[in-house]
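Here are my notes on the model you sent over, set out as numbered points. Have the viewer open while you read.

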Amino acid sequence: MIIQYLKIFFNDPMFTLAVQFFLGLLYANAGEWLVHKHILHALGKNRHSFWAYHLHEHHAVCTSNSMLDPGYQKLTLTTWNTQSKELVVLAGIVLLHVPIFLIFPLFTSAVYASLALYYYKHRKAHLDPVWARRHLRWHYEHHLGGNTGANWCVTWPWFDYLMGTRLKSKRLD
């Protein structure tokens with residue numbers, strides 16, 4: 001009986017599209033966690049690395065300005081700064097996933113939607129620290145909670161909970 005129901009679900013194109021989208025969201029959140037932890041922070045420790053902009057520019061500015069990053073106030077693609085580097089990385093991720101779109105369109109659409117949401121939330125968090133504290137508490141705590149080795153996710157803290165890196169700061173209560 002259960003096997004018959006499973007066959008119905010897995011043969012239903014709407015079900016497979018929904019699964020694609022859901023897996024795309026999970027994949028994007030895992031990627032956000034991995035890139036933030038292992039590339040932006042680990043490789044970014046080296047001041048001569050391309051990735052150094054994240055730790056040595058973005059984090060430094062946010063720490064000294066209580067989460068505010070004035071670089072987000074005006075977007076200029078002609079200036080090579082933290083914000084333009086972030087956009088180049090996001091564009092690279094989009095291009096990297098174009099071939100996958102041809103095979104798994106909803107999976108890739110979820111990844112693209114997550115990238116857009118990431119940029120929107122990250123930018124807003126660093127332009128409006130009060131909003132960040134209320135709506136992106138985990139990211140706010142990543143910058144100001146006294147432990148930049150935790151709370152790696154920006155859009156949703158799913159993988160922080162899964163990996164045990166969602167740490168609530170007592171310092172900010």
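1. Start where H4 meets H6. On the H4 side the residues in contact are Glu86, Leu87, Leu90, Ile93 and Val94, and across from them H6 offers Tyr112, Leu115, Tyr118, Tyr119 and His122. Sorted by class, that contact is eight nonpolar residues, one polar and one charged. Do keep in mind that this is a predicted model.

2. How do H4 and H6 lie against each other? Their axes are 10 Å apart and the packing angle is about 170°. That angle is over 145 degrees, so H4 counts as roughly antiparallel to H6.

3. Next, look at H2 against H6. The two axes come within 7 Å, with a crossing angle of roughly 40°. H2 and H6 are therefore oblique to each other, and H2 passes H6 in a right-handed crossing.

4. Which residues make that H2 and H6 contact? From H2 you'll find Leu17, Gln20, Phe21, Leu23, Gly24, Leu25, Tyr27, Ala28 and Glu32. Their partners in H6 are Pro105, Leu106, Phe107, Ser109, Ala110, Val111, Ser114 and Tyr118. By class, the contact of H2 with H6 splits into 12 nonpolar, four polar and one charged. Tyr118 is worth clicking on, as it appears in the contact with H2 and also in the one with H4.

5. H2 has a contact with H3 as well. Here the axes come within 7 Å and cross at roughly 100°, which makes H2 roughly perpendicular to H3. His36, Leu40 and His41 in H2 meet Tyr53, His54, Leu55 and His59 in H3. The class count for the contact of H2 with H3 is three nonpolar and four polar, with no charged residues.

6. Now for the largest pocket, which has a volume of about 460 Å³. It is lined by 29 residues, and those closest to its centre are Glu32, Val35, Leu90, Ile93 and Leu115. Some of these names should look familiar: Leu90, Ile93 and Leu115 take part in the contact of H4 with H6, while Glu32 is part of the contact of H2 with H6.

7. Where does the lining come from? The elements giving two or more residues to it are H2 (13-41), H3 (52-64), H4 (82-96) and H6 (105-127). H2 supplies the largest share, eight residues. By class, the lining of the largest pocket holds 16 nonpolar, 11 polar and two charged residues.

8. Finally, step back to the whole chain. What is the chain built from, helices or strands? There are nine helices and zero strands, so to speak a run of α-α-α-α-α-α-α-α-α when read along the sequence. Taken along the principal axes, the C-alpha atoms fill a box of roughly 60 × 40 × 30 Å.

Notes. Residues numbered from 1 in each chain as written. Predicted model: local features only at pLDDT ≥ 70, side-chain atom pairs only at ≥ 80, totals over all residues. Heavy atoms only, no water. 1 Å grid on protein atoms, 1.4 Å probe; cavity = no way out; pocket = protein on both sides within 12 Å on 5 of 7 lines; lining within 4 Å. Points joined across faces, edges and corners; volume = space filled by probe spheres on them. Helix = DSSP H or I, 4+ residues; strand = E, 2+ residues; numbered from the N terminus. Nonpolar A, V, L, I, M, F, W, Y, C, P; charged D, E, K, R; others polar. Axes fitted to C-alpha atoms, helices over the stretch in contact; angles between N-to-C directions. Parallel < 35°, antiparallel > 145°, perpendicular 65-115°, else oblique. Contact = heavy atoms within 4.5 Å. Left-handed = near helix turned anticlockwise from the far one by under 90°.
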